[in-house]
Amino acid sequence: MSMGSSATATGATASATAWNFAKFRKEVEATAAGYGTAEPFPHAVFRDMLNLEPSAIADFPEPEWASWTELGDTYQFRKFSCSNIEVIPDPFRKLIRELCDPSFLRLLEQLTGIPKLIPDPYLKGGGLHMSGPGGVLAPHTDFHLYEPLALYRRINVLVYLNDDWDESYGGCLQLGDPQNPAKTVVPGWGTTMVFSTDNRSIHGFPKPIADGHWRKSIALYYYTSEETKEFGGDTTTAWRTHGEHRGVVRKARLGLYKGLNQTSKAVSLAAHLVNPNQGSEWWRMRKERLAKETGAQGYGHEHAHDHEN
């Protein structure tokens with residue numbers, strides 16, 4: 001596998017961008033008005049966003065690559081990641097840097113309505129991702145407080161790098177209630193998912209990847225220096241499904257985890273509420289959101305299901 005320039009593999013010139021900025025700009029202009037009201041939480045899905053041909057995947061690292069970090073627990077079974085930009089091969093290193101440039105940030109702010117977005121130079125939890133046969137990512141909401149840089153996570157951008165991916169292969173991103181997801185996104189080549197991250201943005205791919213397939217992507221997270229007006233979570237990932245557990249000890253440990261996690265969330269909520277800079281506004285917005293959600297449920301809105309193929 002080549003780890004150098006992929007100009008030959010992709011057919012792109014050395015000066016061409018890996019990201020299709022012209023197309024993205026047009027689609028942002030057409031999509032921004034509906035971003036904040038998208039269900040089940042603010043998001044947008046874009047197609048064919050790369051100037052790279054699928055043949056560029058020849059430069060994507062193989063499973064044996066020494067720079068992979070294998071996560072491999074129950075929640076992220078058979079998942080590998082690399083956040084070291086210095087060893088990520090082109091054209092993917094180039095793509096990551098383009099998606100951290102001011103040109104992209106301005107469009108991302110226009111789309112989401114969130115100003116002053118900051119990319120993470122350390123790619124904590126992001127960078128290259130790959131999951132193998134049998135791999136899953138349990139539904140979850142992401143950490144919100146990024147303590148090393150004293151920032152607050154606001155936006156996820158996921159760029160998929162899989163040619164001819166079919167929903168039957170598993171590994172498709174699901175949004176919302178794990179028992180009744182509102183949307184399913186097939187991770188085909190150049191498909192890009194942008195969504196706001198808070199305690200409502202439940203996402204994952206709980207359906208295992210089929211034998212013979214490897215799910216490949218780039219994940220990037222964007223932050224602000226100011227806290228959200230609504231509660232956005234704390235410093236840890238909040239897993240929403242936990243699989244089957246047998247035995248008294250394992251069940252007791254899982255019960256203790258759930259209890260402590262709820263306590264942690266309650267403490268974070270209380271801290272947010274007593275903040276004199278935003279507590280009252282947060283409470284008002286929370287009541288408005290709950291009223292809206294209750295009204296929507298009255299019309300069966302929560303049963304809507306829209307497959308993104």
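**Strand β3 and its surroundings in a predicted model**

Strand β2 (residues 69–70) and strand β3 run antiparallel, joined by two bridges; strands count as paired if DSSP finds at least two bridges between them. The strands themselves, and the helices too, are DSSP runs numbered from the N terminus, with at least four residues of H or I for a helix and at least two of E for a strand. Within this pairing, Thr-69 sits opposite Ser-81 of β3.

The structure is a predicted model, where local features need pLDDT of at least 70 and side-chain atom pairs count only at pLDDT 80 or more, while totals for chains, interfaces and linings use all residues. Residues are numbered from 1 along each chain as its sequence is written, and side-chain values use heavy atoms, with hydrogens and water left out.

Strand β3 has another partner as well: four bridges tie β3 to strand β5 (residues 127–131), and these two also run antiparallel. Here Lys-79 is matched with Ser-131 of β5. So what about the two faces of β3 (residues 79–82), which residues cover them? Lys-79 and Ser-81 lie on one side, Phe-80 and Cys-82 on the other, and all of them are buried. Buried means under 20% relative accessible area, exposed means over 50%, and partly exposed is in between (1.4 Å probe, protein chains only).

Just ahead of β3, the loop from β2 holds Arg-78. This residue shows a positive phi of about 60 degrees, though it isn't a glycine, and Arg-78 is partly exposed at 28% relative accessible area. Ala-150 tells a similar story: not a glycine, yet its phi is positive at about 55 degrees. Ala-150 belongs to the loop between β7 (145–146) and β8 (151–160), and it counts as exposed, with 55% relative accessibility.

Two cis peptide bonds turn up in loops. One runs from Glu-39 to Pro-40, with omega near 10 degrees, and Pro-40 is in the loop between α2 (21–35) and β1 (43–46). Another runs from Asp-90 to Pro-91, again with omega near 10 degrees; Pro-91 is in the loop that links β3 with α3 (92–98).

Zooming out, the chain has six helices and 15 strands. Of its 309 residues, 46% are buried. Taking contacts (heavy atoms within 4.5 Å) between residues at least 6 apart in sequence, 82% join residues at least 24 apart. The chain exposes about 15300 Å², with 52% of that supplied by carbon and sulfur atoms.

Methods
Accessible areas come from the Shrake-Rupley method with a 1.4 Å probe; for residues, only the protein chains shown count as cover.
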